[in-house]
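Visitor: Could you walk me through this structure, with the reasoning behind each answer?

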Amino acid sequence: MQWEWAARTDTGLRRSRNEDSYLVRPDKRLYAVADGMGGHAAGDVASRMAVELLDRHFTDAPARGAPAAEVGASLRAAAEEANRAILARGIAEPEKLGMGTTLTALSPLCPEAAVVIAHIGDSRAYRLRRSELAQLTVDHTWVQRQMEEGKLTLKQARRHPLSSVLTRVLGTPELEGIDVIVSDVEPGDLIMLCSDGLTSMVDDADLRAILLGDVPLDELTGNLVEAANLRGGLDNVTVILLRALDGAE
Ligand code: CA
């Protein structure tokens with residue numbers, strides 16, 4: 001499987017800073033989106049640390065053709081390193097105390113036709129296969145938990161005042177689970193990693209309609225950012241698109 005990719009980040013219309021970070025390392029088979037939080041400009045520090053430390057600590061497992069379990073373990077270990085470092089910096093620099101970040105990281109396997117995702121927070125991974133859009137990650141949010149318990153509908157959750165409250169992030173002393181997800185891929189599949197600045201503005205039906213657009217990937221990322229901004233652009237938006245192409249590497 002070969003891959004083509006495009007990535008874009010945008011501050012949006014209401015925020016003065018962009019606290020999202022992303023990583024694109026096709027040579028290492030590593031892609032990631034992180035969305036930071038914390039006062040005094042600490043959010044962008046946390047998200048940048050997350051992607052830099054992920055990059056530094058992720059092994060060459062996928063380049064060696066390692067199986068999904070090994071690649072997943074390496075993604076998780078790298079994310080745990082980032083967690084420790086973000087926490088330590090928050091303690092050392094009190095104005096950054098309590099900073100945190102989401103992280104959704106993806107590694108395409110080879111020769112296996114699959115991707116491995118490590119995920120914590122409310123950034124998301126999606127897969128568009130033919131015309132069907134599937135969310136591959138589950139949000140670590142209070143409203144998601146309420147939905148799972150049948151206490152909120154999707155519609156209520158989207159409009160809930162606590163919709164952005166996270167139950168898991170990087171930067172915490174007792175790190176709760178980082179999800180590791182394996183998804184098969186077929187030629188033509190489109191994988192999207194994005195921050196909640198996209199998904200809080202654009203619902204899945206509209207995302208699907210945009211992703212089905214027959215335009216180059218870079219133009220698709222622009223269309224996604226534009227859609228978020230047309231709906232208010234309340235938050236920073238970051239998106240990475242990966243298209244699985246037919247053909248051996
Ligand atoms: Ca955000």
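Guide: What follows is a set of questions and answers on a predicted model.

Visitor: Which residues supply the protein donors of the calcium ion?

Guide: The donor atoms lie 2.3 to 3.2 Å from the calcium ion, and each of them is a carboxylate-type OD atom of an aspartate. Along the chain, the donors follow the spacing D-x160-D-x38-D. With Asp35 listed twice, the residues are Asp35, Asp196 and Asp235.

Visitor: How many residues apart are Asp35 and Asp235?

Guide: Asp35 belongs to strand β3, which covers residues 30–37, whereas Asp235 sits in the loop between α7 (217–230) and β11 (237–245). This pair therefore links distant parts of the chain, and the separation is 200 residues.

Visitor: Is Asp235 buried or exposed?

Guide: A residue counts as buried when its relative accessible area is under 20%. Asp35 meets that limit with 9%, and because Asp235 has a relative accessibility of 10%, the latter is likewise buried.

Visitor: Which strands are the edge strands of the open sheet?

Guide: The sheet holds 5 strands with antiparallel pairing, in the order β1-β11-β10-β7-β8. An edge strand pairs on one side only, and this applies to β1 (2–10) and β8 (132–135).

Visitor: What is the bridge partner of Arg127 in β8?

Guide: Strand β7, residues 124–129, runs antiparallel to β8 and is joined to that strand by 4 bridges. In β8, the partner of Arg127 is Ala134.

Visitor: At about what angle does α7 run to β1?

Guide: Helix α7 lies across β1, β10 (190–194) and β11. Relative to β1, the helix runs at about 30 degrees.

Notes: Residues numbered from 1 in each chain as written. Predicted model: local features only at pLDDT ≥ 70, side-chain atom pairs only at ≥ 80, totals over all residues. Heavy atoms only, no water. Donors = N, O, S within 2.8 Å, 3.2 Å for Na, K, Ca; no water. Helix = DSSP H or I, 4+ residues; strand = E, 2+ residues; numbered from the N terminus. Buried < 20%, exposed > 50% of the residue type's maximum accessible area, 1.4 Å probe, protein only. Pairing = 2+ DSSP bridges. Contact = heavy atoms within 4.5 Å. Axes fitted to C-alpha atoms, helices over the stretch in contact; angles between N-to-C directions.
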